[in-house]
Amino acid sequence: MVDGSNDVYTIDQTSGSIFCVAKNTLKNPFLFDTFSSMMTDFKVEKEGKTVVELALNDKNNWYIKEPKGLTVALSQISALMDEIVRVELDYFVEENPDDLAQYGLDHPIYKLWLGAANGDQSMKEEIWFGSPVSDYENETSIYGYFAASKQV
């Protein structure tokens with residue numbers, strides 16, 4: 001039904017099932033959804049100190065901002081960017097969390113900044129990494145926090 005009308009509209013169950021999805025299934029499952037060829041910058045901090053920072057210069061060549069004095073291994077940087085754009089999230093835990101400490105995100109171990117551009121459009125992302133998701137000895141998943149969208 002719609003406001004101001006007594007008419008009732010129906011659709012078949014198959015078409016209607018599209019509207020019956022969980023909100024998290026509509027979210028983008030990629031860590032940074034772009035093409036590796038559009039990446040423009042990459043920075044990792046560990047416990048507040050820059051570990052590595054890469055960027056494209058005005059000639060579209062990668063250079064290492066930190067640590068200073070290192071030369072670029074283009075094949076390694078290209079492989080890294082390919083990996084980053086393919087990383088998929090397992091699931092979304094919480095939006096706008098009141099307590100980041102429960103995820104080990106009040107003092108993140110790592111922070112990651114990513115940037116990409118396509119012509120005059122750019123995208124940036126800041127992601128924090130915290131505690132493992134379980135106490136299991138061989139746990140490989142950790143909590144992450146997207147600073148812009150405030151999602152764990």
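Which residue's side chain meets that of Lys-68 in a salt bridge? The partner is Glu-66, with a distance of 3.5 Å from N to O, in a model that is predicted. This briefing goes through the charged pairs, the surroundings of Asp-41, the aromatic rings and the pairing of strands.

**Salt bridges**

- Side chains of opposite charge can pair when their charged atoms come close. In this structure the count of salt bridges comes to four, and three of them are described here, beginning with the pair named above.
- In the pair of Lys-68 and Glu-66, the lysine is exposed, with a relative accessible area of 65%, whereas Glu-66 counts as partly exposed at 28% relative accessibility.
- Glu-53 and Lys-65 form another salt bridge, in which the closest N and O atoms are 3.5 Å apart. This pair links distant parts of the chain, since Glu-53 belongs to strand β2 (residues 49-56) and Lys-65 to strand β3 (residues 62-66), with twelve residues from one to the other.
- Glu-53 has a relative accessible area of 18%, and because buried means under 20%, Glu-53 counts as buried. Its partner Lys-65 is partly exposed, at 31% relative accessibility.
- Lys-43 and Glu-45 also meet through their side chains in a salt bridge, at 3.6 Å from N to O, and Glu-45 is buried, with a relative accessible area of 15%.

**Asp-41 and its surroundings**

- Asp-41 lies in strand β1, which covers residues 39-46, and this aspartate is buried, with a relative accessible area of 19%.
- The side chain of Asp-41 is joined to that of Thr-40 by a polar contact of 2.7 Å.
- When neighbours within four places in sequence are left aside, Asp-41 is in contact with Leu-54, Ala-55, Trp-62, Trp-113, Leu-114, Gly-115 and Lys-124.

**Aromatic rings and the charges over them**

- A pair of aromatic rings is described by the distance of the centres and the angle of the planes. The count of aromatic pairs comes to two, and in one of them the rings of Trp-128 and Tyr-145 have their centres 4.9 Å apart and their planes at 50°, so the pair is tilted.
- The pair of Trp-128 and Tyr-145 links distant parts of the chain, with Trp-128 in strand β5 (residues 121-132) and Tyr-145 in strand β6 (residues 142-146), 17 residues apart. Trp-128 and Tyr-145 are both buried.
- The ring of Trp-128 also has the charged end of Lys-111 sitting over it, at 4.5 Å from the ring centre.
- Lys-43, which takes part in the salt bridge with Glu-45, lies over the face of Trp-113, 4.8 Å from the centre of that ring.

**Pairing of strands**

- Strand β1 pairs with strand β4 (residues 110-118) in the antiparallel sense over seven bridges, and within this region Phe-42 stands opposite Leu-114 in β4.
- Strand β4 also pairs with β5, again in the antiparallel sense, over nine bridges, and here Gly-115 stands opposite Lys-124 in β5. Gly-115 and Lys-124 are both among the residues in contact with Asp-41.
- The hairpin of β4 and β5 has two residues between the strands, and in this hairpin Gly-119 takes a positive phi near 65°.

How values were computed: Residues numbered from 1 in each chain as written. Predicted model: local features only at pLDDT ≥ 70, side-chain atom pairs only at ≥ 80, totals over all residues. Heavy atoms only, no water. Buried < 20%, exposed > 50% of the residue type's maximum accessible area, 1.4 Å probe, protein only. Helix = DSSP H or I, 4+ residues; strand = E, 2+ residues; numbered from the N terminus. Polar contact = N/O pair within 3.5 Å; in protein donor to acceptor, adjacent residues only side chain to side chain. Contact = heavy atoms within 4.5 Å. Phe/Tyr/Trp six-rings, centres within 6.5 Å; stacked < 30°, edge-to-face > 60°. Lys NZ or Arg CZ within 6 Å of the ring centre and 35° of its normal. Pairing = 2+ DSSP bridges.
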